[in-house]
Every structure is written in structure tokens, then in C-alpha cells.
Protein chains: 2
Amino acid sequence: MKPELCKVDQALGILVGKWKPIILLHLFNEGTQRFSELKRLMPEITQKMLTKQLRELEDEDIVNRVVYPQVPPKVEYSISAYGQSLQPVLAVMHEWGTNHASHIAKMKNDYVIGDSLVK
Amino acid sequence: MKPELCKVDQALGILVGKWKPIILLHLFNEGTQRFSELKRLMPEITQKMLTKQLRELEDEDIVNRVVYPQVPPKVEYSISAYGQSLQPVLAVMHEWGTNHASHIAKMKNDYVIGDSLVK
DNA sequence: TCCTTTAGTATCTTTTTGTATACTATAGCA
DNA sequence: TGCTATAGTATACAAAAAGATACTAAAGGA
């Protein structure tokens, strides 16, 4: 396959950002959530960021956004039918990531024990 | 699985950056390459970026770096044995990315045809 | 009447990424 | 002697991503 045809970054574009994987994970785990519920699940995120990430995911047809015309407003987010296709991708990445974390830990450990003390 | 245990970003950390996927792809495709060969394969990248990305991949044990003690210098890069484990991850992402590109194209197209002219 | 709630916007500042450009050492060659 | 080639480093700068903070509308309740 030719490097110029690489579409890895298409997937990457959906997933990168400090918050997108965790937003997706919450929606996959807990199903439909309203804005304030997501915010409560992620106390560290600012509203601006949450709004922005959700809009981007909506633009890519990964999440659905449903607005109820009432006051105070109510807006619900969920993984779209198409968005479900991301699940195996996230699963593979999560699995590799989990393994990688222990690989790196092991490497560093071996190094320290083997050389006893190198910086 | 609990969101706080999500390790997707571990994988993401290896892959993000404007250049990493393409560097990896070149190394997967063409095997061992020296610095200047990689540079020639990616004329747009600056030396600083190429050096930086390669160092980061080396730190994560994804690529091997072999220095030949000669002048002018010769340094060869290749995917490490452990780095091979990334291949299925990249494959899944590439596959999803390819499909996603056409999904989005189709969506936009439908929209324009369906509504004839919006915005 | 004022306070609370919700799902945002609007600005501004900081941090992180990436780019541009110039510079280095040294062997071998003309 | 001066030029080329290689794999970088150093410095300055620009652009993108993220964070902090303040603000909004309008219904319902005290």
C-alpha cells in the first residue's frame, strides 16, 4: 500500500484531542447522555471544550445530537448507528495501549535492575 | 470497562503528530531506512521534526536506531520487533479510515442532492 | 422580584506543535 | 585548499489546541 494512500490519519482525526476518546467511551458505556451529565462525568473538561468536541463528533456523524425545545434547554447526545463502527477500532487501540503500558513499564524496570543505576 | 481505565490514548500517544503515521508506514513498507532516505521519502518534513518524531518512536521502543561510527554519519532506522505489534492496529485504523472517508463523502453528497441547494 | 437551572457563546491567555533557517563536525575528493 | 555529504543541533517564530473566565436567555419556583 502506498504511503500517500494511508488513511490512518482519517481515523486519527476523529480520535485525537485530549477529550474525544473519553467522551466516546462514556457514550458507549452509559448510552445517551445529556450535556450536563457528560460534564458531570468529566469534571475537568471546560464547557467550551465539551461543546467543541461534541460538535466535531456530530459533524463526522459519530454522535447524534437531539435538542428538546424547552427551557431550561435539554440536549441529548448518543453514539450514532454509524458511530458504532468505531467500537472495534477503539477496542483494538485499547488492547494495544494496555499492553504497551506494561511493555514500557517492564522495559524501564529491566533497565534499572540490569544496570543498577543509570541516570 | 471504566473510562478512567481507558488506554486508547496510550495508543494514540504513539500515533499522533502530523508525521508519525507516515514515518511508520514508510518503515513498514520499505524496511530499514537511513535518515536521509526517510527525508527524501518525505520532502515536506523538516529535519528537526523527523529527528524528533524518530526519537519519540525510539523512546517507545517502536523503532530501532543504529548508528554506524563513520563520517559522514550513517544512521539506520527500522521497526523494532516489538514495533511490529502496531501493524494490526494501523491496519484496523486504516481500514476504518478508508471507509469513513467514503461515508462522509456519501453523506455530503446525499445532502446536496436531497436538498438541492442548502447554504 | 430575584434566584436557579441548562446549554451554550465570547474573549483572552497559556501551552503545545510545527516551521524556517542557520549552524556544526569531519572524511574523502578534486 | 575548498567542496560535498550526513545527521544532526540551536534559535526564533507561527499556528493550533486547550484552558480560564465571564456572559447569555428564559421558564419555574421561593
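**Exercise 1. Work out which element gives the largest share of the surface near DNA strand C, and what else contributes.**

Step 1. H4(A) comes out on top, with four residues. "Near" asks for a heavy atom within 4 Å of the strand, and helices (H or I, at least four residues) and strands (E, at least two) are DSSP runs, numbered from the N terminus.

Step 2. Before going on, note that this is a predicted model, where local features need pLDDT of at least 70, side-chain atom pairs need 80 or more, and totals for chains, interfaces and linings use all residues. Residues count from 1 along each chain as its sequence is written, chains are lettered from A and ligands numbered from 1 as written, and side-chain values use heavy atoms, leaving out hydrogens and water.

Step 3. Helix H3 (35-41) and strand S3 (74-79) of chain A, plus helix H4 (47-59) of chain B, are among the elements that each supply at least two residues.

**Exercise 2. Find which atoms of DNA strand C the protein touches with Ser36(A), Lys18(B) and Lys48(B).**

Step 1. Start with phosphate oxygens: a backbone N or O atom of Ser36(A) sits 2.8 Å from one, and a side-chain N or O atom of Lys18(B) is 2.5 Å from one.

Step 2. Now the bases: a polar side-chain atom of Lys48(B) lies 2.5 Å from a base oxygen.

Step 3. Across the strand's atoms within 4 Å of the protein, 68% belong to sugar or phosphate, the rest to bases.

How values were computed
A polar contact is a pair of N or O atoms within 3.5 Å; within protein, one must be able to donate a hydrogen and the other to accept it, and residues adjacent in sequence count only if both atoms are side-chain atoms.
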